[in-house]
Amino acid sequence: MPELPEVQTTVAGLAKVLPMLQITDVWTDLAVKNHTTPHLSQSLKDKSFFKKFKQLVVGNKIISVERRAKNILINLANKETILIHMKMTGHLMVGKYTKVENKNIKTFWQVAANEKNDALRDPYNKYLHVVFGLSNGKQLVLSDARKFAKVTLVPTEKIATSIHLGHLGPEPLEKKFTLKEFKLRLSKRPRGKIKEVLMDQSVIAGIGNIYSDEMLWLSGIHPASITKEIPPKYLQILYTAMQKVLHQGIDFGGDSTSDYRDIDGKRGKFQHHHNVYRMTGKPCPQKGCTGKIIRTIIGGRSAHFCNTHQKMLK
DNA sequence: TGCAGTGTTGCTTC
DNA sequence: CGAAGCAACACTGC
């Protein structure tokens, strides 16, 4: 679930509390073996990478926190950047949990569960797999039920062109991402279905399954429409809907349909404002529309849309 | 009980 | 090259 609005919510929270703090320790139970594939061997899941990671991170000061696509970037004083991608179920929280010296996750959890901290009583927040000790006595923790999240470290000046970020398309909410640029990016995959193209991170960065469904509903475009067949007028509507829906997601503090939580362990509220996502069988909420929300598979992902007012353009 | 489905992405195969 | 399938993992819900 963490798409652009969720990651933005997390980054905004981290940017308020992390800068100027020192990282005093790092713990993880993810670094269990050595990997051969590039992305994994350069992540905290790799045993020898974690060793290096720890050496470069512990004792360093956090300077700033940024977002790029669905990635969280924590910039350190030694010009190294911690990069975190939350994938399906990851979320970062900051709080007073327990001492990092506890190397046993079970012990860690038992200690944490006894603390009077609402966030910790949330069952989704018990999957703590990475813990950073901070110089103010709190911890930055990664909760991740499915253990898909990626945590890595890259020299700050190389991060934009790294294997982690180098392939990404532009940020959809930046001012310089104009309608003209939007059309140009979409034209990279002319024969692709529009929902797939919107979610392609190398075309535009940050859009995932929930927000693509919602922006297509708002635009009246069928998600399986072939991109190059969409008339300019509809592309303009989609461009505006994209910005509107992403901003809504941010304004509601993200979407907690599943286990996304903000850095205080609290849920976002966008899931209460879905028009189509996971609304299968419900009447279409658009005024005057008599359609129904249906679900199909597009590009291997579930797609939700109105069978009446969302037009198939192909 | 069992299995399809779940937000993401990257690698492999065709 | 693109598209499709699958793997990474653990849980929910039918």
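The following exchange concerns a predicted model and treats a DNA strand and several helices in turn.

Colleague: Which residues are around DNA strand C?

Modeller: The surface near DNA strand C has two nonpolar, three polar and three charged residues. The residues around the strand are Ala145, Arg146, Lys147, Phe148, Arg191, Gly192, Gly299 and Gly300.

Colleague: Is helix H8 largely enclosed or exposed, and why?

Modeller: Helix H8 spans residues 209–219. Among the buried residues of H8 are Ile210, Tyr211, Met215 and Trp217. Because ten of the eleven residues of H8 are buried, the rest of the structure leaves this helix largely enclosed.

Colleague: What covers the buried residues of H8?

Modeller: Just after H8, Gly220 takes a positive phi of about 70°. The cover over the buried residues of H8 includes strand S10 (301–306), helix H7 (194–199) and helix H9 (232–251).

Colleague: At what angle do H1 and H9 pack, and what does that make H1 relative to H9?

Modeller: Two packed helices are described by the angle between their axes and the distance between the axes. For helix H1 (residues 4–17) and H9, the axes are 8 Å apart and the angle is about 40°. An angle between 35 and 65 degrees falls in the oblique class. Therefore H1 is, relative to H9, oblique.

Colleague: How many residues of the contact of H1 with H9 are nonpolar, polar and charged?

Modeller: H1 passes H9 in a right-handed crossing. On the H1 side, Leu4, Pro5, Gln8 and Thr9 meet Leu246, Gly249 and Ile250 of H9. By class, the residues of this contact are four nonpolar, three polar and no charged.

Terms used
Residues are numbered from 1 along each chain as its sequence is written. Chains are lettered from A and ligands numbered from 1 in the order in which they are written. This is a predicted model: local features need pLDDT of at least 70, side-chain atom pairs count only at pLDDT 80 or more; totals for chains, interfaces and linings use all residues. A residue is near a molecule or strand if its C-beta atom, placed from the backbone, lies within 6 Å of it. Ala, Val, Leu, Ile, Met, Phe, Trp, Tyr, Cys and Pro count as nonpolar, Asp, Glu, Lys and Arg as charged, and the others, Gly among them, as polar. A residue is buried if 20 or more other C-beta atoms lie within 10 Å of its own, exposed if 12 or fewer, and partly exposed in between; C-beta atoms are placed from the backbone. Helices (H or I, at least four residues) and strands (E, at least two) are DSSP runs, numbered from the N terminus. Two residues are in contact if their C-beta atoms, placed from the backbone, lie within 7 Å. Axes are lines fitted to C-alpha atoms, for helices over the stretch in contact, and angles run from 0 to 180 degrees between N-to-C directions. Angles under 35 degrees count as roughly parallel, over 145 as roughly antiparallel, 65 to 115 as roughly perpendicular and the rest as oblique. A crossing is left-handed if the near helix is turned anticlockwise from the far one by less than a right angle, and right-handed if clockwise.
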